Structure formats: C-alpha cells, structure tokens
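Visitor: Please take one part of this model and look at it closely, residue by residue where that helps. I would like the surroundings included.

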Amino acid sequence: NTTLSPERFSNFDGILQHNLMVAFAVAVLVFVYRGHAFLLSLAWNAAVWGVVLTLMVLQTYAQSVLSPAAFISISLVALLPHLVLEILGYIVCALTFVGISRAYLWYGPSLRFLRDLRQRWRGLSVALSCLLIGATLEAYWAPRVLRMVLG
C-alpha cells in the first residue's frame, strides 16, 4: 500500500517487529564499523523516509478535499511523533553499541567488559522504550489522525 491509509499503520506487532529488526541491523553494523555505520544508518533512514513519505503524501492527497497546506500539516501531525521516537531509538541504540564495541576493543572478553556492558544496558533500555512508544503511536495515533483527514 503506497498511500497514507489508516489501515497501513494499524498493525502494532508488524510495526514493532520491523523497528526492532532495523535496530538490530543498526546495532550489528555499528558494533563492527562504529561511527561510519552510525552515519550510514542515519543517512539511509533519512533517505528512505524522505522518499517514501513524499510519495505516500502525494498519492494520498489525490483522495483528500483539503488544501495542500492543510493536508501536509495534518499528515505531519499524524506521522512526526512516531518518526521522532523511532530515530531517537535508533540513535540511542547506535550510540550504545558504539560504546559496547569500543569497550570490547579495549578490554576484550573480560570482567571489565562485562561491567561496562552492564552499564550500557540503560542506553539499550531507553532505545527499546523509544521504539516501543514509537510503534504504539504509529499503530494508534497515526491511523486516528489520518481517519479524520481521509474519512
């Protein structure tokens, strides 16, 4: 589905699973390649979101009776909350795994590495919380707002 139909956003389990798979991919890439993978993952997400959301808004606008400015504004209100939380979750996940990678490089598989890993659990918890809240907003907030616009 290439439109902003409310049904597209109403699958909480699928959304959360997708977000967790992206976070896992970011974590693996950042653990191996650190800062370069962090920048690559941010740029990749921004490019995908930019293209996909632009196409979805343009294709959905044809079904709306609102002015372009009103339709785009309401679309942003529907989509931005979960997008902000998702990117925050990915950023915190990436930064956490940069630290884990660096600790592994410095300490190897040792007790000091395990202590450092335990301290970084908080960052991973914040990342997962952001992704969970973002998926909740995407599954419940976005469809509700979009139903108001699209009827």
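Guide: What follows is a close look at helix 3 and the elements around it, after a short account of the whole.

This is a predicted model, in which local features need pLDDT of at least 70 and side-chain atom pairs count only at pLDDT 80 or more, while totals for chains, interfaces and linings use all residues. Residues are numbered from 1 along each chain as its sequence is written, and side-chain values use heavy atoms, with hydrogens and water left out.

The protein has five helices and zero strands, where helices (H or I, at least four residues) and strands (E, at least two) are DSSP runs numbered from the N terminus. Its C-alpha trace spans about 60 × 25 × 20 Å along the principal axes. Of the 151 residues, 40% are buried, where buried stands for under 20% relative accessible area, exposed for over 50%, and partly exposed for what lies in between (1.4 Å probe, protein chains only). Among contacts (heavy atoms within 4.5 Å) with a separation of 6 or more, 83% join residues 24 or more positions apart.

Helix 3 covers residues 68-107, and its axis comes within 8 Å of that of helix 1 (residues 12-33), the two crossing at roughly 30°. That makes the two helices roughly parallel. Axes here are lines fitted to C-alpha atoms, for helices over the stretch in contact, with angles from 0 to 180 degrees between N-to-C directions; those under 35 degrees count as roughly parallel, over 145 as roughly antiparallel, 65 to 115 as roughly perpendicular and the rest as oblique. Helix 1 passes helix 3 in a right-handed crossing, a term for the near helix being turned clockwise from the far one by less than a right angle, left-handed being anticlockwise. On the side of helix 1 the contact involves N19, V22, A23, V26, A27, V30 and F31, and on that of helix 3 the residues include Y90, C93, F97 and Y104. By class, this contact has 13 nonpolar residues, two polar and one charged; Ala, Val, Leu, Ile, Met, Phe, Trp, Tyr, Cys and Pro count as nonpolar, Asp, Glu, Lys and Arg as charged, and the others, Gly among them, as polar.

On another front, the axes of helix 3 and helix 5 come within 8 Å and cross at roughly 170°, which means that these helices run roughly antiparallel. Their contact holds 25 nonpolar, five polar and two charged residues. W141, found in helix 5 (residues 121-150), is partly exposed, with a relative accessible area of 35%. Beyond its neighbours within four places in sequence, W141 is in contact with V77, A78, P81 and T136. The C-alpha atoms of W141 and A78 are 6.7 Å apart, although 63 residues separate them along the chain.

Aromatic rings complete the view. Four aromatic pairs occur in the whole structure, a pair being rings of Phe, Tyr and Trp (its six-membered ring) with centres within 6.5 Å, where planes under 30 degrees apart are stacked, over 60 edge-to-face and the rest tilted. Y104 and F113 form an edge-to-face pair, 5.3 Å centre to centre with 75° between the planes; Y104 is partly exposed at 37% relative accessible area, whereas F113 is buried at 10%. W106 and Y107 are likewise edge-to-face, at 6.3 Å and 75°, with W106 exposed at 56% and Y107 partly exposed at 28%. F31, Y104 and F113 form one aromatic cluster, and F31 and Y104 both belong to the contact of helix 1 with helix 3.
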